[in-house]
Structures are given as C-alpha cells and as structure tokens.
Amino acid sequence: MRWLSRSYLALVYLLLYVPIIVLVVFSFNDSRTGYSWGGLSLRWYESLFNNHAMVQAMWNSLWLALTAATVSTLIGALTALALHRYRFRGKKVLNGMLFVVMMSPEIVLAISLLGLFLLLGLQLGYVSLLLAHVTFCLPFVVITVMARLAGFDERLPEAARDLGASDFTMTRTVLIPVIMPALMAGWLLGFTLSMDDVVVSTFVSGPSYEILPLRIYSMVRVGLKPEVNALGTLLLVFSLVMLMMSQWILSRSKQ
Amino acid sequence: MMLSIKQQPFRAAVLVLVWGWLLFLVLAPNMLVVGASVMTRDPSTFIALPLNLDAYRQLFNPLYLEVFLHSLYMAVMTTLICLLIGYPFAWALSHVEKRRQMLLIFLLIVPFWTNSLVRTYALKLILATNGLLNSALMSLGVIEEPAQLLYTEGAVVVGLVYLLLPFMILPLYSVFEDLRQDVLLASHDLGAGRFATFTNVIIPLTLPGVLAGVMLVLLPAMGLFFVPDILGGSRNLLVGNVIKNQFLDARNWPFGAAASIVLTFTMALLMFAHRLSKRRLGEEGA
C-alpha cells in the first residue's frame, strides 16, 4: 500500500514536470524544426536578445509587474489592516467582494474592466493594464497579510495605544514590522501574477504598450517558435527564484 | 466605539481608499456587464438603448448552444479527471512525513507561479504530429503512422487538466490534513468496514474540499481561451473563446456580456453549494 501510494505520487509529479523539462531541454536544441534533436546550442537565446521588439516587451512587462505589485501591496496591506482592526459598516460586503474577485473567472473581470475603460474613454495601454493588474493581485495580498495578522498578539497594539500612540504611529511602529514578511511574500506573488497574466491583459492592453505574455501568445498561436522555448525557460527560472524567495521569507519569519 | 473622522484620520483614509478602489474597479464594471447584457448592440458606442433580452435569446441559438454545451462537456470532463487523479493524490500526499510534505507542496505550487501560456505551449511540443509522443509511440511499435493528437477535443482536455490539476489537489489536501485519525478509528471500532468508512465518513468530511476544487477547476476550464487557441483548433472552443470573440472581434457587447453572466451564475451556484456543504458539516460536528 505504501509503495503503491508513493509510486502514484511520483507518477503524477512526473506528468506535471515532463512538459517543463521538455521545454527546457529543447531551448538548447540547435535544430530548426523544433522536434528533433540537433545538438546543443544557445542560438535561440541569442536570437531572443537580438529581437528588439521582444526585449522592449520584456522591459514593459517588468515595469508593469514592478508597479502593479507595489501598488497592490500598499492597498492590499491597508485593506488587510482595516479588515483586521476596524469595525465598520459593510465589512462583510468588502470581504465578499475580495473573495468574488479571487474566485471569479479571469475573463469576467477582463471584460468588465474593458467595458469600464472604453466607456470612460481611457486609452488602453500602461494605465489600463496597471489598474487591471492591481485589481486581480489585490485579494492575494490581502489574504497573505490577513493570515499573518491572524496569529498576532492583540495586546501589542493595545499596549501601544495605551502608551499614547496614535493609530498611524501604532500601525507604523507595531503592525508594519509584524506584517513585513507577509508584505514581501505578497509583493512577490503579485509580481509573478502580473508577469504571467494573459487573459486579463489580452483585453485591456493597447498597441502603445506591448507586454511579454501577449507577445508570446501571438507567437505560439501559429506553429512552433524555438525562441519561445528559450523565453519560457528564462521565465521559469525567474518564477522559481521568486517563489523560493517568498517561501524563504515566510518560513524564516515563522521561527 | 465609533469615533469621528476627525479623531481617526488614518482610519478614514484607509477605508476611503479601499472602498473607492473596489467600488470603481470591481462593482461598477460588473454592474456595467449586467447592464450591457440587456442593451442593444451599437457599432459606435458599443451599447445603446432600448433594453431587451435579445442577447440572452441568442445564447439559445442552436449554433452557440452547441458551442456552450461542448465547452461545458470539456470542462466537466476536465473536472472529473482532475478529481479522479487529485483525490487519491491528496490522500497519499497527506500521508507522507511532514518534513517531505513541505517540499512536495512546493513542487505543486511551482506551476501556479510559472507562465501557463508557456506550459501550454510545451504540451504542443509533445502532442504535435511529429512531436515527442508520436515519435515515442512509433519507435516502440505501438502505432505505425503518427496519430492526430493536436487540435482535438482530447488535446484541449489534456491541456486544461495539466494547467488546473494543482487547483484541485490543494483544497483536497487541506481537508485530508484536517481529517482526524480518531474519527476513522471510531468508525472502525463501531464495526464499519473500509468501504463503509469511506462512503459514510471520509466522503462527507472531504466534501467541502471536493466542492472547492470543483469550483477552482470548472470555472477556469470554461474561460481559459488560450488553451483551445494553442491546442484545440477552431472546432473545440470554450465559452471564454466566445466571450473574447464577441468583445474583441465581433464587437457584440450585449451577447459577450450575457455569455459571461452565464459563467458568473455558474460560479454563484458552486459557491452556494460549497457554503452549504461546510455549514452542514459545522452543524453535525458541533
């Protein structure tokens, strides 16, 4: 029974990782056709970095992810603090709305935002992308910070208040240090979600600001492009580093 | 303890910011979609009066009805396969030693952090006519001619299962973690066999996890339009593809909005079922 369940786990992990491994291996493939092995080569990485439009899209995506993660971490942290500390009317509604944003299919969020932006006459580009990305990252930051606040000694902020600290001072000196690891983890998650999003970006981006996932999307719809293997490998390594950093921050803070 | 704005400027600022963001970028746009679904298509302003239910009627147009049913079928297949693979997987995972569990969970969330588009494309390398799977099967002598794997319904389902499986496993894993050993022992002591324990104890106790997993898999399985775009060809469309075409190409907002409301409605139903199953457990457990 034991070996059976172990081999089952191993099999499923194998299936989950085979495509990723194939992608990484083929990114170093010299063959042009993309299916057969033609020896080791870095030519696809080279052609990737010689592709001006691709490099521009990469910078655009990085800047978008950086700003979206930062804004959503700021707003998300404040939201979590408000939900944790304050009693106010409509608290349940606020909670419910965040839950709905997280659960609802991305495409529903995408078209609703597209509708809003077009009716307001907002030009689709960096600003519309930023607003949309912050919105779908927000619930994830709120959850990460709330989880951190849940295991927090309530007497600390009260002590700060008794000692005469204002709400703002107490938040700055007591709460922020406590939630710092969650803020960093939430930021990293937001950054990655933004870097990888296809569905929402397809709707709310314009020709003035091309981002990486959409560039990949237009490439892979028609046939196979070996450059995508190289790009995918780079993105994979990048995400892995982000994820490991976030796990490290969270596990270190627990000790 | 209600303090006025003057006494707590920080609190007021936080609440205004948070509410403002959600009302403007979540509530208003969603209301807009609901509104658009009952309006008339207009080439210059996208939507116009008069109000009518034409868009909803169009959903039942045989052409679209077929697409929707086919999409629903693929989504249900995806969900069932994820459940069949994920349920025993989550059980096995919850029985691994704690120290190794952390690493295994980490390996499971890696896909969540990596680009789903790139991973879908990687499947294409494997499933293509002269791709790895066909070459492997032919060199093993299982098949003589390369089989058409890409651009089929099966390819879309495989792609969706591949992308969504972790979302089924994680909620199931968390309910198996909470499943207390003494409950199973009690069932055994009361004379229940393995099968009776499974149907009467384990299934009801893990039902909230099953429903959470179904919710997390079924809905994206109808919306992830890039999966059929890359793996499915033009005959295996999802509801997501229809919505995307209506908004970006055909410029028929009312119809696209009505189609997306179908998705939202499905989500509401699933959420309701999930809450119900949790509440029932809560009452029985108390």
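How much area is buried between chain A and chain B, and what percentage of it do carbon and sulfur atoms give? The legends below take up this question and others for a predicted model.

**View 1. The interface of chain A and chain B in the predicted model.** About 7,700 Å² is buried between the two chains, and carbon and sulfur atoms give 81% of this area. Chain A brings 91 residues to the contact, while chain B brings 84 residues. Nine residue pairs are in polar contact between chain A and chain B, counting pairs in which both residues have a pLDDT of 80 or more. On the side of chain A that touches chain B, helix 1 of chain A gives the most, with 16 residues. Sorted by class, that side of chain A has 64 nonpolar residues, together with 17 polar and ten charged ones.

**View 2. A salt bridge between B:Asp229 and A:Arg221.** Side chains of opposite charge can pair when their charged atoms come close. In this pair, the closest N and O atoms of B:Asp229 and A:Arg221 are 3.7 Å apart. Two salt bridges are found across the interface of chain A and chain B, and a search of the whole structure, over all chains, finds seven. B:Asp229 lies in helix 10 (residues 226–232) of chain B, whereas A:Arg221 lies in the loop between helix 10 (212–220) and helix 11 (226–254) of chain A, so the pair joins two chains.

**View 3. The second largest pocket and its lining.** Rolling a probe the size of a water molecule over the atoms shows where empty space is left. The second largest pocket has a volume of about 780 Å³, and of the 24 residues that line this pocket, those closest to its centre are B:Trp91, B:His95, B:Leu184, B:Arg194 and B:Ile202. Both chains take part in the lining, since at least two residues each come from helix 1 (2–27) of chain A and from helix 3 (62–94), helix 7 (153–178), helix 8 (181–189) and helix 9 (194–223) of chain B. By class, the lining of this pocket has 15 nonpolar, seven polar and two charged residues.

**View 4. The helices of chain A.** Chain A has eleven helices and zero strands, and its C-alpha atoms fill a box of roughly 70 × 60 × 30 Å, taken along the principal axes.

Notes:
Residues are numbered from 1 along each chain as its sequence is written. Chains are lettered from A and ligands numbered from 1 in the order in which they are written. Side-chain values use heavy atoms; hydrogens and water are left out. On a 1 Å grid over the protein atoms alone, a cavity is a set of points where a 1.4 Å probe fits but cannot get out, and a pocket is an open set with protein on both sides within 12 Å along at least five of seven lines; lining residues have an atom within 4 Å of a point. Grid points are joined across faces, edges and corners, and a volume is the space filled by probe spheres set on the points. Helices (H or I, at least four residues) and strands (E, at least two) are DSSP runs, numbered from the N terminus. Ala, Val, Leu, Ile, Met, Phe, Trp, Tyr, Cys and Pro count as nonpolar, Asp, Glu, Lys and Arg as charged, and the others, Gly among them, as polar. Contact means heavy atoms within 4.5 Å. Buried area is the accessible area (1.4 Å probe) that two parts lose on being put together, summed over both. A salt bridge is a side-chain nitrogen of Lys or Arg within 4 Å of a carboxyl oxygen of Asp or Glu. A polar contact is a pair of N or O atoms within 3.5 Å; within protein, one must be able to donate a hydrogen and the other to accept it, and residues adjacent in sequence count only if both atoms are side-chain atoms.
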